[in-house]
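Let's take a walk through this one, starting on the inside and working outward. Keep the model open as you read.

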Amino acid sequence: MPSPEWTKRKKQTLKIGHGGTLDSAARGVLVVGIGRGTKMLTSMLSGSKRYVAIGELGRATDTLDSTGKVTEEKPYDKITQEDIEGILQKFTGNIMQVPPLYSALKKDGQRLSTLMKRGEAVEAKPARPVTVYSLSLQKFQPPFFTLDVECGGGFYIRSLVSDIGKELSSCANVLELTRTKQGPFTLEEHALPEDKWTIDDIAQSLEHCSSLLPAELALKKSKPEESNEHILSCEYITLDETKGEDAIIKTC
């Protein structure tokens with residue numbers, strides 16, 4: 001703990017940030033940057049993201065996933081595996097996509113999801129260009145289907161699943177969503193399970209992940225800490241993909 005006399009010294013801020021939020025019901029890779037690492041998030045995570053999504057045919061919700069209220073139900077019994085595989089090409093490459101109303105996108109400085117939960121009227125955002133590098137059907141057991149998706153930034157899996165349901169003359173929502181890759185970081189190789197959130201395990205994970213750093217950054221050493229002349233505060237930041245820059249959301 002800082003000693004009382006430190007309060008008379010100049011503050012030194014330690015920034016801690018993450019490289020993009022996940023849906024509240026999703027799980028998987030979430031890259032965290034500490035100190036100088038927060039400035040590297042944008043460049044390091046500029047690559048693709050990968051997801052495994054389980055969709056449910058025949059049921060639409062207001063959030064486009066299983067956490068929302070059911071808004072529509074349609075038959076799906078005539079949909080085959082070949083039908084799904086046959087339309088996936090339409091959602092591959094550079095396409096236009098309408099973001100969900102329940103999202104982190106903002107209107108007048110407030111998240112659309114927050115406005116929706118208040119019951120306020122919210123207009124859908126216009127379709128915007130997004131990129132899908134690969135899209136494949138992994139499993140089909142009606143009404144459930146599993147997709148493997150690799151995409152660029154700003155892409156919504158919930159919108160994809162909903163649009164697939166409409167293209168099949170039915171409807172669909174996301175039942176489960178897992179992000180398996182974000183930039184060079186993968187769930188299998190780099191993610192640290194919650195039961196290993198100890199000092200030793202975190203240190204070991206950081207050492208492992210440092211191999212992914214560009215050579216010039218990996219070799220650059222931090223300046224010696226002058227703990228006797230500074231106190232530490234911390235700022236939590238998140239990468240705003242819509243602006244392409246970091247935005248501070250909380251300070252402690």
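**Starting from the core**

This is a predicted model, and a good place to begin is its largest nonpolar core, which has 28 residues. If you want to find the middle of the action, look for I84, F145, L147, V149, F155 and I164, the residues with the most contacts inside that core. Two or more residues each come from β4 (49-57), α2 (81-87), β10 (128-141), β11 (144-151), α4 (157-167) and β12 (172-182). Of the elements, β10 gives the largest share, with five residues.

Zoom in on I84 for a moment. Setting aside residues up to four places away in sequence, I84 touches L57, I79, L137, F140, F145 and L168. Apart from this core there's another one, made of eight residues, including V29, M40, L41 and F185.

Now slide over to T146, which sits in strand β11. Is T146 buried or exposed? With a relative accessible area of 14%, T146 counts as buried, because the cut-off for that is under 20%. Beyond its neighbours within four places in sequence, T146 is in contact with V52, A53 and I54, and also with S136, L137, Q138 and K139.

Last stop: Y76, in the loop between β6 (70-73) and α2. Y76 is partly exposed, at 29% relative accessible area. Its C-alpha lies 5.5 Å from that of G58, though the two residues are 18 apart in sequence. Not counting residues up to four places away in sequence, Y76 touches L57 and G58, along with P142, P143 and S170.

Methods:
Residues numbered from 1 in each chain as written. Predicted model: local features only at pLDDT ≥ 70, side-chain atom pairs only at ≥ 80, totals over all residues. Heavy atoms only, no water. Core = buried A, V, L, I, M, F, W, Y, C linked by side-chain atoms within 4.5 Å. Buried < 20%, exposed > 50% of the residue type's maximum accessible area, 1.4 Å probe, protein only. Helix = DSSP H or I, 4+ residues; strand = E, 2+ residues; numbered from the N terminus. Contact = heavy atoms within 4.5 Å.
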